[in-house]
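The exercises below concern cavities, a pocket, aromatic contacts and salt bridges. Each task is followed by a worked solution in steps.

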Amino acid sequence: MLNAFILAGSFVGYVLSFASLAHSKISEAVLAVLALIGLLLYYGSIAGFLPETATSLLWGGLIVLLLWIPRLKTYSFESRDLIFAGCAALGLIGFSLKWYGQYQFLGWDEFSHWGLIAKYLNNENRLFTADSVIMFKAYPPGTALLQYYFSRALGNTESAILFAQMALFFSALVAATSAISKKPLLAITAMIVCLIGTYILGYEVYEIYVDAILGVLLGSIFAVLLTNTAPRRGFFFLIPVLAFLPLVKHVGFAFAVIGIGAMTVALLHEKITTKDNRDGIRLGAACLGAAIMAVLISYYTWKNYYINLGVAEPYVSVMTFDNVIKFFFNPTSERHVAVWAEFAKRVLAITPGKDLSVATPFLSAITLTVLSVVHIWLLPSHARVRQSLIFGLIAAGLVAYTCLLLLSYGFYFSDYEAVRLASFERYFASYQLAWVMALACAAIQQFAAQKRNLILVVLVVASVFYAFMAIPKVHADIFLPEAQRTSKYVAQLRDIVRSLSDEIRPRAHASEKTYFIHQQTSGLTYFMFRYEMAPLTVNSKCWSLGARYTPDDIYTCDIALDEALKGYDFFAIAIADAAFWARYGSWFAEEDRGISPASFAVIRRDGNLYLKRLKKNEQ
């Protein structure tokens, strides 16, 4: 509990000092400080001083708070903005009381990477190396480093990791609404509209995937530029947020480039329309230059790090200019033709399929475009040109981002992912979420600028809140207990996998390896088990044994059991069916046949394989 207060005090110290020095609002400073902490942790980690950097930042914030308290009287903060940001923080803390201590990862990618890297940082106190269990070593560690920072104070738990993710997510929403924070009811309305967009696009707040984080970070940049007309106010906030984007995910660099483009448009418009603001323009230009340098440093230092780990980039040699032109205008390879066919079928379809969100990406993009045009048309003439330019850049950015995604499927992803456009809607929705935030905050700011009757404002807030609560997933997330909110089936799978890990881990040495199977698996339980066993080594393929269950079965290997277990010290069976026991039952003691889940020690004696059943209380 004491560490939690230290974390809070440290954070308050940084926020107040940043807001004072940068002349920004508290609601903007919250996100800027989180981004700055992530950046400093990143540079400390690549220098080999991750725990030292985290400790210094934690205590440094308290020192800053003590130094700034006597000087705070000389700075005038907007009281309503301060109250709004404070209430948002208290709201997040209050909401966390519902699930804190009960939350557990259940998402596929949480086990395959995002949760695994957070666990690795917490256990190893360093960035992953070439021989670590992290599979996707080129993925940047930005959000995981923030989760590490929070976990140092709150404890090494999955709840602490989620709290860090939620803090980053909601701080972006607060920053996006900073221009209307003087009218808290409308600022809250804007936040709720952004949350509605988050859920409609298929995201939720109970996950540590970074796709939604990318969207809200870019959305906060768009919103600040649309709703804030003075370059000297708001541009300081943009620098750390833009620099942090490439450390969230590879595509964050593209998002940062688009954000810099929007920043440039806003600055040029300011220069053309205001002749007596040279100091402000110079300051804005300096901020723009600093942002460009910061983004490039983040991108290239991380690229240099993972290349030094031996991570190859095979797509570089094939994604030549000629091949890219051919991909877009004359695709001939089987893979490229399949990518375009799936794109036309799924993304450009008018009617959403049963597995898609409320609308196809194409329809949702058209809807956002139409709503943006209507919003611009309703603006007063003095604001129309500026917002038209920024929304035009946002629309062009969506086209460019779509092309980048298609190139990724054409040249970067595996054949299995490429021809299926795996997770395309989730990736595409990141940018759509940024657009939703930009439009919601700009439109509600315009509503706030009008002299509205309080009754009308209350009705608008109530209507938006009701629409938010009417989403079934939202209702479950807020009101249902944690055990009822989540999938019981997936939670049971996690329990099975955790029990196997609890049996093996106390017996396994660092150099010993475990072979895991789940017959007819989708792969989820394998990644669960790999997460639970980290940093110990687990087999990387053949997570199901015997004849293939379907023609598309890519996880089942038709090999003998003694061949599969060669070089392994333990054998974990999550779920085994009749076909498994019919073929491989002779390798087990009679009393162990037909039992799953079960774990075994792999023993080789005189060239023969023996499997000894493990029990949790025996060493």
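**Exercise 1. The largest cavity**

What is the volume of the largest cavity? State also which residues line the largest cavity and how they divide by class.

Solution. The model is predicted.

Step 1. The largest cavity has a volume of about 70 Å³, and the structure holds four cavities of 30 Å³ or more.

Step 2. Its lining consists of Gln-165, Met-166, Phe-169, Glu-204, Val-205, Glu-207, Tyr-209, Ala-212 and Ile-213.

Step 3. Two helices, H7 (158–176) and H9 (211–227), each contribute at least two of the lining residues. Helix H7 gives the most, with three residues.

Step 4. By class, the lining of this cavity comprises six nonpolar, one polar and two charged residues.

**Exercise 2. The second largest cavity**

Give the volume of the second largest cavity and describe its lining.

Solution.

Step 1. The volume of the second largest cavity is about 50 Å³.

Step 2. The residues around the second largest cavity are Pro-140, Pro-246, His-250, Tyr-299, Trp-302, Lys-303 and Tyr-306.

Step 3. Sorted by class, five of these residues are nonpolar, one is polar and one is charged.

**Exercise 3. The second largest pocket**

Which helix supplies the largest share of the lining of the second largest pocket?

Solution.

Step 1. The second largest pocket has a volume of about 1,100 Å³. Of the 32 residues that line the second largest pocket, Ala-8, Phe-11, Ala-89, Ile-93 and Phe-163 are the closest to its centre.

Step 2. The elements that give two or more residues to this lining are helix H1 (2–22), helix H2 (26–46), helix H4 (79–99), helix H6 (142–154) and H7.

Step 3. Helix H4 has the largest share of the lining of the second largest pocket, ten residues.

Step 4. The class count for the lining of the second largest pocket is 28 nonpolar, four polar and no charged residues.

**Exercise 4. Aromatic contacts and charges over rings**

Determine the geometry of the pair Phe-327 and Phe-328, and find the lysines placed over Tyr-531 and Tyr-568.

Solution.

Step 1. Searching the whole structure gives 50 aromatic pairs. One of them joins Phe-327 and Phe-328, with ring centres 5.2 Å apart and 75° between the planes. The pair counts as edge-to-face because its angle of 75° is over the cut-off of 60 degrees.

Step 2. Phe-327 counts as buried because its relative accessibility is 0%, whereas Phe-328 is partly exposed at 24%.

Step 3. Both residues belong to one aromatic cluster, whose members also include Trp-340, Phe-343, Tyr-409, Phe-411 and Tyr-412.

Step 4. Lys-119 lies over the face of Tyr-531, 4.8 Å from the ring centre. At Tyr-568, the charged end of Lys-513 sits over the ring, 5.0 Å from its centre.

**Exercise 5. Salt bridges between distant parts of the chain**

For the salt bridges of Glu-158, Asp-211 and Arg-613, name each partner and state whether the residues are buried or partly exposed.

Solution.

Step 1. Side chains of opposite charge can pair when their charged atoms come close. The count for this structure comes to 14 salt bridges.

Step 2. Glu-158 pairs with Arg-494, and the closest N and O atoms are 2.8 Å apart. This bridge links helix H7, which holds Glu-158, to helix H23 (residues 488–504), which holds Arg-494, across 336 residues. Glu-158 is buried because its relative accessibility is 13%, and Arg-494 is buried at 1%.

Step 3. Glu-158 and Arg-494 also take part in a network of salt bridges with Asp-495, Arg-498 and Glu-532.

Step 4. Asp-211 forms a salt bridge with Lys-249, at 2.9 Å between the closest N and O atoms. Asp-211 is in helix H9 and Lys-249 in the loop between helix H10 (235–244) and helix H11 (252–273), 38 residues apart. Asp-211 and Lys-249 are both buried.

Step 5. Arg-613 meets Asp-592 in a salt bridge of 3.9 Å, N to O. Arg-613 belongs to strand E7 (residues 608–613), and Asp-592 to the loop between helix H26 (578–584) and strand E6 (598–605), 21 residues apart. Arg-613 is partly exposed, with a relative accessible area of 26%, while Asp-592 counts as buried at 8%.

Note on methods:
Residues numbered from 1 in each chain as written. Predicted model: local features only at pLDDT ≥ 70, side-chain atom pairs only at ≥ 80, totals over all residues. Heavy atoms only, no water. 1 Å grid on protein atoms, 1.4 Å probe; cavity = no way out; pocket = protein on both sides within 12 Å on 5 of 7 lines; lining within 4 Å. Points joined across faces, edges and corners; volume = space filled by probe spheres on them. Helix = DSSP H or I, 4+ residues; strand = E, 2+ residues; numbered from the N terminus. Nonpolar A, V, L, I, M, F, W, Y, C, P; charged D, E, K, R; others polar. Phe/Tyr/Trp six-rings, centres within 6.5 Å; stacked < 30°, edge-to-face > 60°. Buried < 20%, exposed > 50% of the residue type's maximum accessible area, 1.4 Å probe, protein only. Lys NZ or Arg CZ within 6 Å of the ring centre and 35° of its normal. Salt bridge = Lys/Arg side-chain N within 4 Å of Asp/Glu carboxyl O.
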